[in-house]
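Let's take a friendly walk through this model together. Have a look at the sequence and the fold below, and then we can start from a single residue and work outwards.

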Amino acid sequence: MKTRADLEALKRELTQRINVLKKDSVFLGMPEGRGRISVLTKRLEAAELIADNLALLEWVFKDDTNIKRADLTDQDKV
């Protein structure tokens, strides 16, 4: 499973790429340009959602985790 650092790096790279492409008039003039920016934006949103929920994902996918279901519902541990 990827680490929080991997996700943060991906978020930075996606943000940077989106910003560059939004300023590129040639890219925006291509028929598929805006659609590709939309896909990258959705990936950024997904990466942010995953980063915010790493504990939940660890609990779901990792059998030897120390995270308990009670930890996921405890407002003091969020």
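**From one leucine to the whole chain**

Leaving aside residues up to four places away in sequence, Leu40 touches Leu14, Arg17, Ile18 and Leu21. Keep in mind that this is a predicted model.

Where do these contacts lead? Leu40 belongs to the largest nonpolar core, and so do Leu14, Ile18 and Leu21. Phe27, Ile37 and Leu44 complete this set of seven residues. Two elements each give two or more residues to the core: helix H1, spanning 4-22, and helix H3, spanning 33-52.

Stepping back, how many helices does the protein have? There are five helices, with zero strands, and from the N terminus on the order reads α-α-α-α-α.

Now for the overall dimensions. Along the principal axes, the C-alpha atoms fill a box of roughly 50 × 20 × 20 Å. The radius of gyration is 17 Å, whereas a compact globule of 78 residues would have a value near 12 Å. Of the 78 residues, 19% count as buried. If you like contact statistics, take the contacts between residues at least 6 apart in sequence: 40% of them join residues at least 24 apart.

Finally, let's turn to the surface and the charges. The accessible surface comes to about 6300 Å², and carbon and sulfur atoms account for 53% of that area. The protein carries 15 positive and 14 negative charges, and the mean positions of the two groups lie 6 Å apart.

Methods. Residues are numbered from 1 along each chain as its sequence is written. This is a predicted model: local features need pLDDT of at least 70, side-chain atom pairs count only at pLDDT 80 or more; totals for chains, interfaces and linings use all residues. Side-chain values use heavy atoms; hydrogens and water are left out. Helices (H or I, at least four residues) and strands (E, at least two) are DSSP runs, numbered from the N terminus. The radius of gyration is taken over C-alpha atoms; the globule rule is 2.2 Å times the number of residues to the power 0.38. Buried means under 20% relative accessible area, exposed over 50%, partly exposed in between (1.4 Å probe, protein chains only). Contact means heavy atoms within 4.5 Å. Accessible areas come from the Shrake-Rupley method with a 1.4 Å probe; for residues, only the protein chains shown count as cover. Lys and Arg count as positive and Asp and Glu as negative; His and the chain ends are not counted. The place of a charge is taken as NZ of Lys, CZ of Arg, CG of Asp or CD of Glu. A nonpolar core is a set of buried Ala, Val, Leu, Ile, Met, Phe, Trp, Tyr and Cys residues joined through side-chain atoms within 4.5 Å.
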